[in-house]
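Thanks for coming, everyone. I'll take a few minutes to walk through one model, and it helps if you keep it open while I talk.

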Amino acid sequence: MSLLTVDIKQAGYEKEKSVIQDIQFSLEKGELIGLIGPNGAGKSTTIKTILGLMGFVEGEAVFQQEEKYAYIPERPIFYDELTLWEHLDFVAAVEQLDQKEYQQHVVELLHLFKLYDVAHQLPSTFSKGMQQKAMLILALITKPSVYIIDEPFIGLDPSAVKMLLTSIEEERKRGVGIIMSTHVLDTAEKVCDRFLLVNEGKLAASGTLQEIQQQCGLEDASLFDCFYHISEGQNND
Ligand SMILES: Nc1ncnc2c1ncn2[C@@H]1O[C@H](COP(=O)(O)OP(=O)(O)OP(=O)(O)O)[C@@H](O)[C@H]1O
């Protein structure tokens, strides 16, 4: 059974003003799906529709029963007056995490992402990359079954990207499914199992790199070339 089944017929910010149409896919256990497409194509709107945040939706996004998901937004959001530790303790309390397991896990993660020394400071005073890492730790401690991550790579330094990819790999071994929107296509090409290529609000191509190459008629092309073909070249054929 899929972790998540998405069948969006149309969705938009205002009633009867459709921004995305006909986006269908499912997310399987252990799978990493890359959501890619040009600026304004509808990636964030697709994510917001899955999260149930859009005002106008025809269709549905259904999580497997009792599956827990974590959303990691592109622009981190924190409480102004809570330190990172307090944020973590707050999430642990809300999620009713096992205290012993949580304490051990959180220290490991804070060291891994090099935030241990600033954990008693306010995340609102952190740099952009530090804030992104803090959001990642807040998601990782909850051990969800599905992650929905909006552009994780931009803003992270190379060692943080490596840590993120390592964490993603470990989570996938646990059977976790991940949807990740990104513009960093060379990394996406290396790590994703499948891709959803969104253009002008629609699914322009989807599947493995090989399937995308076939759909574009570009044998052996990189994901970047397929992306370019769909977002630019197709209109000039
Ligand atoms: N809050 C909003 N209200 C109205 N329209 C919006 C809103 N957010 C986005 N849109 C519109 O929806 C369309 C899709 O935008 P979306 O943010 O989903 O694109 P994206 O693929 O995530 O782009 P990017 O790569 O630039 O982040 C765009 O035409 C955009 O102008």
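Let's begin with a spot check: in which strand is the place of S206? You'll find S206 in strand β9. Before I go further, please keep in mind that this is a predicted model.

Staying with S206 for a moment, is S206 buried, exposed or partly exposed? The count is 18 other C-beta atoms within 10 Å, and since buried takes 20 or more, S206 comes out as partly exposed. Leaving out residues up to four places away in sequence, S206 touches F25, F195, L196 and L197. There's also a long-range relation here: S206 and G37 are 169 residues apart in sequence, yet 11 Å apart in space, C-alpha to C-alpha. Hold on to G37, because that residue is listed around the ligand.

Now, the sheet that β9 belongs to. We have six strands in an open sheet, ordered β5-β6-β7-β3-β8-β9, and the pairing is mixed. At the edges stand β5 and β9 (202-207), each with a single partner strand, so each has one side with no neighbour in the sheet. From one strand to the next, the twist averages 15°.

Let's go through some of the pairings. Strand β8, residues 194-199, pairs with β9 in the antiparallel sense over five bridges. If you want a residue pair to click on, L197 has A205 in β9 as its bridge partner. Helix α1, residues 43-50, packs on this sheet and touches β3 (32-36), β6, β7 and β8. The direction of α1 makes about 150° with that of β6.

Over on the other side, strand β5 (residues 69-72) pairs with β6 in the parallel sense, with four bridges. There, A70 stands opposite Y147 in β6. Next, β6 is joined to strand β7 (residues 177-181) by five bridges, and those two run parallel. For that pair, look at D150, which stands opposite S181 in β7.

So why do we call β6 largely enclosed by the rest of the structure? Strand β6 covers residues 146-150, and four of its five residues are buried, which is why the description fits.

Just past that strand, have a look at F153, in the loop between β6 and α5 (158-173). F153 has 17 C-beta neighbours inside 10 Å, so F153 counts as partly exposed. Not counting neighbours within four places in sequence, F153 is in contact with V161, T182, V184 and T187. And relative to L197, F153 is 44 residues away in sequence and 18 Å away in space, C-alpha to C-alpha.

On to the other sheet. Which strands form it, and in what order? Three strands make this open sheet, in the order β2-β1-β4, and the pairing is antiparallel. The edges are β2 (20-27) and β4 (56-63), each of which pairs on one side only. Ignoring direction, neighbouring strands here are turned by 10° against each other on average. Strand β1, residues 4-12, is joined to β4 by eight bridges. One partnership to look up is Q10 with E58 in β4.

My sample residue from this sheet is D22, in strand β2. D22 has 12 C-beta neighbours inside 10 Å, so D22 counts as exposed. Setting aside residues up to four places away in sequence, D22 touches K9, K202 and L203. Also, D22 and I8 are 14 residues apart in sequence and 5.6 Å apart in space, C-alpha to C-alpha.

Now for the ligand. Which residues are around it? Here they are: Y13, V19, G37, N39, G40, A41, G42, K43, S44 and T45. Sorted by class, that shell has three nonpolar, six polar and one charged residues.

Last stop, the domains. The chain is divided into domain 1, made of 1-68 + 144-156 + 174-237, and domain 2, which is 76-143. Their C-alpha centres lie 28 Å apart. How many residues does each domain give to the contact? Domain 1 gives five residues and domain 2 gives six. On the domain 1 side, the residues that touch domain 2 split into three nonpolar, one polar and one charged.

That's my tour. Happy to go back to any part of it.

Definitions and conventions
Residues are numbered from 1 along each chain as its sequence is written. This is a predicted model: local features need pLDDT of at least 70, side-chain atom pairs count only at pLDDT 80 or more; totals for chains, interfaces and linings use all residues. A residue is near a molecule or strand if its C-beta atom, placed from the backbone, lies within 6 Å of it. Ala, Val, Leu, Ile, Met, Phe, Trp, Tyr, Cys and Pro count as nonpolar, Asp, Glu, Lys and Arg as charged, and the others, Gly among them, as polar. Two strands pair if DSSP finds at least two bridges between them. Axes are lines fitted to C-alpha atoms, for helices over the stretch in contact, and angles run from 0 to 180 degrees between N-to-C directions. Domain bounds come from an automatic or database domain assignment. Two residues are in contact if their C-beta atoms, placed from the backbone, lie within 7 Å.
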